[in-house]
Amino acid sequence: ARFPPSFLAAPGFGAPGCEALRHLLAGHDSDGLRAVLLEELPARWSRRLGLIEALPGWEEIPQMRAMRRLYADALGRVEALRQTDGPRFRATLVCIKRRNA
């Protein structure tokens, strides 16, 4: 798989940055990039959910509840995907991006 140069420069090498996501969403799909994103996105979103839930009183702050819902929804959508379903994966990322914009 050929990745854009900024992908390799992302923090932690192998962790997809914004440019890698734009590359995928622009239609430059590759099995390798999809595999990395299917592993990396759930890990990042699970971590963020954990950070939110670790904050004392997060349930009482409407913005924190909304943010938690966004991450939980995105996590559920991505975890339901299969590695081999490229078009559905891309459509799901576009949907998540639009919902969170």
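The following exchange asks how terms applied to this predicted model are justified.

User: What kind of model is this, and which residues count?
Analyst: This is a predicted model, where local features need pLDDT of at least 70, side-chain atom pairs count only at pLDDT 80 or more, and totals for chains, interfaces and linings use all residues. Residues are numbered from 1 along each chain as its sequence is written, and side-chain values use heavy atoms, with hydrogens and water left out.

User: How many helices and strands does the protein have, and what makes a run of residues a helix?
Analyst: The protein has five helices and zero strands. From the N terminus on, the order is α-α-α-α-α. Helices are DSSP runs of H or I with at least four residues; strands are runs of E with at least two, and numbering starts at the N terminus.

User: Why is α3 called roughly antiparallel to α4?
Analyst: Helix α3 covers residues 31-54 and helix α4 residues 62-79; they pack at an angle of about 155°, with axes 9 Å apart. That angle makes α3 roughly antiparallel to α4. The cut-offs: under 35 degrees is roughly parallel, over 145 roughly antiparallel, 65 to 115 roughly perpendicular, and the rest oblique. Axes are lines fitted to C-alpha atoms, for helices over the stretch in contact, and angles run from 0 to 180 degrees between N-to-C directions.

User: Which hand does the crossing of α3 and α4 have?
Analyst: The crossing of α3 and α4 is left-handed. That term applies if the near helix is turned anticlockwise from the far one by less than a right angle; clockwise is right-handed.

User: Which residues make the contact of α3 with α4?
Analyst: From α3 come L38, P42, W45, S46, R48, L49, I52 and E53; from α4 come M64, M67, R68, Y71, A72, A74, L75, V78 and E79. Contact means heavy atoms within 4.5 Å. By class, this contact of α3 with α4 has 12 nonpolar, one polar and four charged residues. Nonpolar means Ala, Val, Leu, Ile, Met, Phe, Trp, Tyr, Cys and Pro; charged means Asp, Glu, Lys and Arg; the others, Gly among them, are polar.

User: What makes α4 roughly antiparallel to α5?
Analyst: α4 and α5 pack at an angle of about 175°, with their axes 10 Å apart. That makes α4 roughly antiparallel to α5. The contact is made by L70, D73, A74, R77 and V78 of α4 and T92, L93, C95, I96, R99 and N100 of α5. It has six nonpolar, two polar and three charged residues.

User: How do the axes of α3 and α5 meet?
Analyst: They come within 12 Å and cross at roughly 35°. The crossing of α3 and α5 is left-handed. R34, L37, L38, L41 and W45 of α3 meet G86, F89, L93 and I96 of α5.

User: Why is L41 called buried, and G32 partly exposed?
Analyst: L41 has a relative accessible area of 11%, so it is buried. G32 has 23%, so it is partly exposed. Buried means under 20% relative accessible area, exposed over 50%, partly exposed in between, with a 1.4 Å probe and protein chains only. L41 is in helix α3, and G32 is also found in helix α3. Of the 101 residues of the protein, 31% count as buried.

User: How do you know that W58 and M64 are buried?
Analyst: W58 has a relative accessible area of 13%, so it is buried. M64 is at 16% relative accessibility, so it counts as buried too. W58 is in the loop between α3 and α4; M64 is in helix α4. Leaving out residues up to four places away in sequence, W58 touches I52, E53, M64, R65 and R68. On that basis M64 touches I52, L55 and W58. The C-alpha atoms of M64 and I52 are 7.1 Å apart, with their positions 12 residues apart along the chain.

User: What makes a set of residues a nonpolar core, and which residues have the most contacts inside the largest one?
Analyst: A nonpolar core is a set of buried Ala, Val, Leu, Ile, Met, Phe, Trp, Tyr and Cys residues joined through side-chain atoms within 4.5 Å. The largest has 13 residues, and L37, W45, V78, F89 and L93 have the most contacts inside it. α3, α4 and α5 (86-100) each supply at least two residues. The largest share, six residues, comes from α3.
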